[in-house]
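The following exercises concern the strands, helices, cores and selected residues of one chain. Each task is followed by a solution in steps.

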Amino acid sequence: MTGHPARYFLPLLAAASLLLTACSDGTPKPAEASTGSPSTGEPSSSGPTSLRDYEGSISPGRHRVPLIRWDRTYPIDALVDVPEGFITPGGWVIENGRNGTAYGDLMFFGDVDRVDTQPCGAGRLVKPGPTVQDLANALTAQLPLQQPAARPVTLHGHSGSYLEITAPRDLSTCDGGRYTLWTIKPTGAFPYEADQPGTVFRLWIIDVDGQRVVAAVKLVPGHTINAADFVRMAKTVEFVANVNG
């Protein structure tokens, strides 16, 4: 079993953030203009708390999760009601407990710079355009005969599209054994991908007052614990002002 790439990307992007101002499986970490290492001090449970730069077990309750981005700051955070049994390796992703076989994660993307036309690695990286429909079309065009069409959805009053994408049960023909949906940097760096056969991506692509957001849940059938909780957190998300700047 491979380790969790979400942890691998954190130091790389932290370094990039300084230069620019910057399941589970194949998960990118965002860049953030933060100095020092992630805090391991438990956030306060007195109200909706930010997981930004926090690392460790998440106290049950409502928490603000920053949108994953490359070199910008978004004016909104995702507000998620997190139950018991979840952790974060840096505030940008909600994962199952520390057991490496638990798999499963939830992230909220602001930047989706390039979509891979062939997720197994034989295609091109193309810019999807800025709208919900642009991204939904680009993703459903990846493997049009194998994936269901996107359907309308609403999350907390914000409209968009929902789709599910399933990685092949045999990843041996994929480049590096990885199935890549998109990247969060135009050069193709920091991909959102899976290295577990049969991984299911559940994606809610919505417009939040002009900002496209992707609520992305990654599950490995038969292995992901708390799968229903991941889906519930995504479907009940709210969006609030980013008070951290």
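Helices (H or I, at least four residues) and strands (E, at least two) are DSSP runs, numbered from the N terminus. The model is a predicted one, in which local features need pLDDT of at least 70 and side-chain atom pairs count only at pLDDT 80 or more, while totals for chains, interfaces and linings use all residues. Residues are numbered from 1 along each chain as its sequence is written, and side-chain values use heavy atoms, with hydrogens and water left out.

**Exercise 1. A loop lysine**

Determine where Lys-185 lies, whether Lys-185 is buried or exposed, and which residues Lys-185 contacts.

Solution.
- Step 1: the loop connecting S12 with S13 contains Lys-185.
- Step 2: buried means under 20% relative accessible area, exposed over 50%, and partly exposed in between (1.4 Å probe, protein chains only). Lys-185 has a relative accessible area of 17% and is therefore buried.
- Step 3: contact means heavy atoms within 4.5 Å. With neighbours within four places in sequence left aside, Lys-185 is in contact with Trp-70, Asp-113 and Phe-190.

**Exercise 2. The surroundings of strand S12**

Identify the strands that pair with S12, giving sense and bridges, and state how many residues of S12 are buried.

Solution.
- Step 1: two strands pair if DSSP finds at least two bridges between them.
- Step 2: strand S8 (residues 114–116) runs antiparallel to S12 and is joined to S12 by two bridges. Here Val-115 has Trp-182 of S12 as its bridge partner.
- Step 3: strand S13 (residues 191–194) is also antiparallel to S12, with four bridges. Thr-183 is matched with Pro-191 in S13.
- Step 4: in S12 (residues 179–183), five of the five residues are buried.

**Exercise 3. Two sheets**

Give the strand order and the edge strands of the open sheet of four strands and of the open sheet of eight strands.

Solution.
- Step 1: the sheet of four strands follows the order S1-S3-S4-S16, and its pairing is mixed. Its edges are S1 (49–50) and S16 (238–241), each of which pairs on one side only.
- Step 2: within this sheet, S1 pairs with S3 (residues 61–66) in the parallel sense over two bridges. Ser-50 has Arg-64 in S3 as its bridge partner.
- Step 3: the sheet of eight strands is ordered S2-S5-S6-S7-S15-S14-S11-S10, with antiparallel pairing. Its edge strands, each pairing on one side only, are S2 (56–57) and S10 (151–155).
- Step 4: S10 and S11 run antiparallel and are joined by five bridges. Leu-155 has His-158 in S11 as its bridge partner.
- Step 5: H3 packs on this sheet and touches S5 (86–88), S6 (93–96), S7, S10, S14 and S15. The direction of H3 makes about 170° with that of S15; axes are lines fitted to C-alpha atoms, for helices over the stretch in contact, and angles run from 0 to 180 degrees between N-to-C directions.

**Exercise 4. The buried face of H3**

Which residues of H3 are buried, and why do they line one face?

Solution.
- Step 1: in H3 (residues 227–235) the buried residues are Phe-230, Val-231, Met-233 and Ala-234.
- Step 2: viewed down the helix axis, the buried residues of H3 fall within an arc of 160°, so they line one face. The arc is that of the directions from the helix axis to the C-beta atoms.

**Exercise 5. Nonpolar cores**

Describe the largest nonpolar core and the second core.

Solution.
- Step 1: a nonpolar core is a set of buried Ala, Val, Leu, Ile, Met, Phe, Trp, Tyr and Cys residues joined through side-chain atoms within 4.5 Å.
- Step 2: the largest core has 31 residues, of which Phe-109, Leu-139, Trp-182 and Leu-203 touch the most other members.
- Step 3: H2 gives the most to this core, with five residues.
- Step 4: a second, separate core of 30 residues includes Leu-67, Val-80, Phe-86 and Val-217.

**Exercise 6. The disulfide**

Locate the disulfide and explain which parts it ties together.

Solution.
- Step 1: a disulfide is a pair of cysteine sulfur atoms within 2.5 Å. The structure holds one, joining Cys-120 to Cys-174 with an S to S distance of 1.9 Å.
- Step 2: Cys-120 is in the loop between S8 and S9 (125–126) and Cys-174 in the loop between S11 and S12, so the pair ties together parts 54 residues apart in sequence.
- Step 3: Cys-120 counts as partly exposed at 21% relative accessibility, whereas Cys-174 is buried at 5%.
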